[in-house]
Amino acid sequence: MDLALSAEAAFYREELRSWVEEHLPAQWRDVPVGTGDDAAYVAMRREWGRMLHRGGWLAPHWPVAHGGRGLGVDAQLAFLDVLVAAGAPEQMNTNGMGIFAPALMAFGTEAQQDRYLGPMLAHDDIWCQGFSEPGAGSDLAGLATRAVPDGDRFVVSGQKVWTSYALFAQRCYLMVRVAGVPDGVTMVVLHLDRPGVTVRPLRNITGTSEFCEVFLDEVTVDADDVVGGIGDGWRVATYALARERSTGLAQRALQLSRELVLMNARLHRDGHADDVLVEAFVRSRAVDSTVRRVLATTADGGEPGMLAPVAKLLWSEGHQAQLATLVEAAGPELTGAGDGWSDWLRALLFSRAETIYGGTSEIQRNLIAKSLGLPSDRG
């Protein structure tokens, strides 16, 4: 992806590139998602996050007061560009830093920011997201987790599902519905070591357990852990997801291009022709172009509107098709390693979630259809 960087961000990128080449362990390069032992994978990502933090590289666009460098969002894009190009793993707190932290800076109290942002950046506390429920996934209107006021605290009961890495997290930014309050949807911080919290891993098709169920049985949440005020949950969550959308899509576009390079090398090594990847290359360019339009719009202070759902569709469905191309071309070679699975085949299986999380493809198409005045497909 062509990144339009300021002089400061370009200098930061060159410094970071040199540091990564020196400090990134060879065995941590190009480790596919959805492979290996969960605990070992999380430990690798957490330690990498700690190394980046100690080096002063994480969150360059955050204010200096919160541990960043006070640079523009283009510096964060430079950060992603360098790490993806090097095949580095994502730091473990990508979720908290990319989604929750901007909301905490905008809506949280100074005490909340002091309490949570530093340990998040240092990877002392790992964060997860408590949004989805058995009856509320892409559409959170069915949110059923209840928070009952009790003096200077709330008593929370309910269930969350598809909570990534909750088994390894210490904190969760949680969406609840406050009892007795009209439109009482509220975001709170949940400490996962509180009595009444039960986390159960869900084994997925790749054999790993990234996703979890979280059961809440009269768990206490302190009143001063409400983010943005009671009833402000939709506003806080919408802000958080919108701020994450542009850089998150940029990272996915960069990863898509990086994976295409690795796929090409693999197929060439096995004697396959170039033309099997032509469609994959065209799809990756379409994602790249759309994401650059999103970035340009948000950089000018605008809202990406329906460009974001279009980009999400192109990326998620394009990534699945790209991996399917590799599997079709390589055939049974991909199932010959060790226990019968290869990293590439695991990545293909893991990619099935990409058209579900972050809003299903059906939801994205409905949003796009409504924006064009077309009837949405509820079938």
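The following exchange covers a helix pair and two cysteines in a predicted model.

Local features need pLDDT of at least 70 and side-chain atom pairs pLDDT 80 or more, while totals for chains, interfaces and linings use all residues. Residues are numbered from 1 along each chain as its sequence is written, and side-chain values use heavy atoms, without hydrogens and water.

Biologist: At what angle do helix α8 and helix α9 pack?

Modeller: Helices (H or I, at least four residues) are DSSP runs, numbered from the N terminus. Here α8 covers residues 307-330 and α9 residues 343-350, with axes 9 Å apart. Axes are lines fitted to C-alpha atoms over the stretch in contact, and angles run from 0 to 180 degrees between N-to-C directions. The packing angle is about 145°.

Biologist: Which residues of α9 make the contact with α8?

Modeller: Contact means heavy atoms within 4.5 Å. From α8 come Q320, L323, A324, L326 and V327. Those of α9 are W344, L345, A347 and L348.

Biologist: How far apart are the end C-alpha atoms of α8?

Modeller: The expected span is 1.5 Å times one less than the number of residues. For the 24 residues of α8 this should give 34 Å, and the model agrees, with the end C-alpha atoms apart by 34 Å.

Biologist: Why is C128 not bonded to C172, the cysteine with the closest sulfur?

Modeller: Both C128, at 1% relative accessible area, and C172, at 3%, are buried (under 20%, 1.4 Å probe, protein chains only). A disulfide is a pair of cysteine sulfur atoms within 2.5 Å. The two sulfurs are too far apart for a bond, at 3.8 Å.

Terms used:
Helices (H or I, at least four residues) and strands (E, at least two) are DSSP runs, numbered from the N terminus. Buried means under 20% relative accessible area, exposed over 50%, partly exposed in between (1.4 Å probe, protein chains only).
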